[in-house]
Amino acid sequence: MQAKVEQDTERDLEWQVAESTGGDAKVLLHNDDVTPYDFVVRVLITVFEFSAIRAVSVTQRAHVTGVAYVGTYALEDAKHKVGQAHAMARAAGYPLTLTVELEP
């Protein structure tokens, strides 16, 4: 009986790992009335490795429309980058918000 329990547990763990690490995710930048424009541009350049022109373009789109597409990344990379951006913003005292949405 012990061998069957170990096999079932191993099979369940394999399924959970595949489920939790797969897929791509969109990162979205949300506008707010507090975080300075230049700070957002700096975050996009530093964390997402954007050129200055691309960072300004994405920041401007968020400023005008309320939300802007930053990019599509592997889920874990998206979470990591958003975490880095939020850490930079919180350290500077800003409420900058980026979200991660799973791709279908």
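**Aromatic pairs, core, sheet and salt bridges**

Colleague: Is Y94 buried, exposed or partly exposed?

Modeller: Keep in mind that this model is predicted. The relative accessible area of Y94 is 24%. Buried would need under 20%, and exposed would need over 50%. Y94 therefore falls in between and counts as partly exposed.

Colleague: How many aromatic pairs are there, and is the pair of F39 and Y94 stacked, edge-to-face or tilted?

Modeller: The structure has 3 aromatic pairs. In the pair of F39 and Y94, the ring centres are 4.9 Å apart and the planes meet at 55°. Stacked needs under 30 degrees and edge-to-face over 60. The pair is therefore tilted.

Colleague: How many residues apart in sequence are the parts tied together by F39 and Y94?

Modeller: F39 sits in helix α2. Y94 is in the loop between α4 and β3. The pair therefore ties together parts whose separation in sequence is 55 residues.

Colleague: What is the angle between the ring planes of F48 and F50?

Modeller: F48 and F50 form an aromatic pair, 6.1 Å centre to centre. It is tilted. The angle between the planes is 50°.

Colleague: Which residue joins F48 and F50 in one aromatic cluster?

Modeller: F48 is buried at 5% relative accessibility. F50 is also buried, at 5%. The cluster they belong to is completed by Y73.

Colleague: Which helix supplies the largest share of the largest nonpolar core?

Modeller: This core has 24 residues, and those touching the most other members include V27, F48 and L98. Elements that each supply at least two residues are β1, α2, α3, β2 and α4. The largest share, 7 residues, comes from α2.

Colleague: Which residue in the 90s does F48 contact, beyond its neighbours within four places in sequence?

Modeller: Set those neighbours aside, and F48 contacts V27, V43, V70 and Y73, among others. Its partners also include K81, V82 and A85. The one asked for is L98.

Colleague: Which strands stand at the edges of the sheet?

Modeller: The sheet is open, has 3 strands and pairs antiparallel, in the order β2-β1-β3. Each edge strand has a single partner, so one side is left without a neighbour in the sheet. Those strands are β2 and β3.

Colleague: Which residue of β2 stands opposite H30?

Modeller: β1 and β2 run antiparallel, joined by 7 bridges. The residue standing opposite H30 is V67.

Colleague: At about what angle does α4 run to β3?

Modeller: α4 lies across β1, β2 and β3. Its angle to β3 is about 170°.

Colleague: How many residues apart are E101 and K26?

Modeller: The side chains of E101 and K26 meet in a salt bridge, N to O 3.8 Å. E101 is in strand β3 and K26 in strand β1, so this pair links distant parts of the chain, and their separation is 75 residues. Both ends are partly exposed: E101 at 35%, K26 at 27%. The separation asked for is 75 residues.

Colleague: Why are K79 and E76 about one helical turn apart?

Modeller: K79 and E76 form a salt bridge, with closest N and O atoms 3.9 Å apart. K79 is partly exposed at 45%, and E76 is partly exposed at 39%. They are about one helical turn apart because their spacing in helix α4 is 3 residues.

Notes: Residues are numbered from 1 along each chain as its sequence is written. This is a predicted model: local features need pLDDT of at least 70, side-chain atom pairs count only at pLDDT 80 or more; totals for chains, interfaces and linings use all residues. Side-chain values use heavy atoms; hydrogens and water are left out. A nonpolar core is a set of buried Ala, Val, Leu, Ile, Met, Phe, Trp, Tyr and Cys residues joined through side-chain atoms within 4.5 Å. Buried means under 20% relative accessible area, exposed over 50%, partly exposed in between (1.4 Å probe, protein chains only). Helices (H or I, at least four residues) and strands (E, at least two) are DSSP runs, numbered from the N terminus. Contact means heavy atoms within 4.5 Å. A salt bridge is a side-chain nitrogen of Lys or Arg within 4 Å of a carboxyl oxygen of Asp or Glu. Two strands pair if DSSP finds at least two bridges between them. Axes are lines fitted to C-alpha atoms, for helices over the stretch in contact, and angles run from 0 to 180 degrees between N-to-C directions. Rings of Phe, Tyr and Trp (its six-membered ring) pair if their centres lie within 6.5 Å; planes under 30 degrees apart count as stacked, over 60 as edge-to-face and the rest as tilted.
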